[in-house]
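Colleague: I should be grateful for a close look at a single part of this structure. Please choose one helix, explain what surrounds it, and then place it within the rest of the chain.

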Amino acid sequence: MLISNELLEKLVAFKEYGTLAKAAEKLLVTQPTLTRSMQQLEDELGVKLFNRTVNRISLTATGELAAKRAKQLLENNELFVQSIQNFSAQTSSLNVSSTIPAPLIWLKLIAERDFKNSPLLLTDKEIKNNLMAFQSDIVISTKEIFSDNISSIFLGKEHLKVLIDENSPLAQKKSVTFKDLKDCSFLVYDQIGIWKNIIEKNIPSANFMYQSSLENLDTISSSTNFIVFRSNLTIEKNYHN
């Protein structure tokens, strides 16, 4: 027995909105049409899904279960379609996602034509589902993934660097601590990822001037004496390293 997705969608809508009138309005159908569809679903399943009174219709316990399973089935169908489409798209591009911004910036700078980067960063919890649905071919993360279906390999380390004008007294030091940088003004790329929280926590008295564009940051830093925080992955001389 095959139940049409249209009937399942109507059942889920009724469960979500609670009344025939509201469900019909959201589905852009008339209330009599929705009523007939619900009766048809009961007939095809051969079970009672609704309690009907003069002024009210509600789901039976069986109807509640049917609505729950219908929603799961529709979500699985959608995942099936997306997975097949995403898998097919892999033949023409390599889709790389990341839980941190710098690797995507680096990839875009060195090989923009060869990579199709996801527009949004992932959370650690989203990695496995993202890969299993073929939304990404590769996910770059700060954590190793342990799974029978996913392999993790070490790529490298991201370092925070501070670029200081050569005429600054700080530039004469062999090393610089966060304490040395208190009360200073900095240029910082806005998408610097985890480093943003680290520098704000360790230098609370500093003045951070965030830039949304790496190009603008480079232009400003080349003509001023501001100290610049950069990741090693977003420094031009390292693009091809």
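Modeller: Among the elements that cover the buried residues of helix α2 are helix α1, helix α3 (31-45) and strand β2 (57-59). This is a predicted model, and the description that follows should be read as such. Helix α2 spans residues 20-27, and its buried residues are L20, A23 and A24. Around the helix axis these three cover an arc of only 100 degrees, which means that they lie on the same side of α2. A general rule helps here: an α-helix has 3.6 residues a turn, so residues three or four places apart point the same way. The other side of α2 carries E25 and K26, and both of these are exposed. Just after the helix, L28 adopts a positive phi of about 60 degrees.

The next step is to ask what α2 belongs to. The largest nonpolar core has 20 residues, and α2 is one of the elements that each supply at least two of them, together with α1, α3, β2 and α4 (61-89). The greatest contribution comes from α1, which gives six residues. Within this core, the residues with the most contacts are L11, F14, L34, F50 and L59. L11 illustrates how such contacts are distributed: leaving aside residues up to four places away in sequence, L11 touches M38, L41, F50, L59, A66, A67 and A70.

Two other residues of that list, F14 and F50, deserve attention as well. Both F14 and F50 are buried. The structure holds four aromatic pairs, and F14 and F50 form one that is edge-to-face, with 5.4 Å centre to centre and 75 degrees between the planes. F14 lies in helix α1 (residues 5-17) and F50 in strand β1 (residues 50-52), so that this pair links distant parts of the chain, 36 residues apart.

Elsewhere in the chain there is a second, separate core, with 13 residues that include I192, W195, I203 and F208. F208 also takes part in an aromatic pair with F186; this pair is stacked, at 5.5 Å centre to centre and 25 degrees between the planes. F186 is found in strand β6 (residues 185-189) and F208 in strand β7 (residues 207-211), so the pair ties together parts that are 22 residues apart in sequence. F186 and F208 are both buried. Ring pairs extend the arrangement into a cluster of F186, F208, Y210 and F229. Y210 has a further partner, since the charged end of K196 sits over its ring, 4.8 Å from the centre.

Finally, the whole chain provides the setting for these parts. The protein chain contains eight helices and eight strands. Its radius of gyration is 28 Å, whereas a compact globule of 241 residues would have one near 18 Å. Along the principal axes, the C-alpha atoms fill a box of roughly 85 × 40 × 30 Å. Of the 241 residues, 33% count as buried. Among contacts between residues at least 6 apart in sequence, 53% join residues at least 24 apart.

Conventions: Residues numbered from 1 in each chain as written. Predicted model: local features only at pLDDT ≥ 70, side-chain atom pairs only at ≥ 80, totals over all residues. Heavy atoms only, no water. Phe/Tyr/Trp six-rings, centres within 6.5 Å; stacked < 30°, edge-to-face > 60°. Helix = DSSP H or I, 4+ residues; strand = E, 2+ residues; numbered from the N terminus. Buried < 20%, exposed > 50% of the residue type's maximum accessible area, 1.4 Å probe, protein only. Lys NZ or Arg CZ within 6 Å of the ring centre and 35° of its normal. Arc of directions from axis to C-beta. Contact = heavy atoms within 4.5 Å. Core = buried A, V, L, I, M, F, W, Y, C linked by side-chain atoms within 4.5 Å. Rg over C-alpha atoms; globule rule 2.2 N^0.38 Å.
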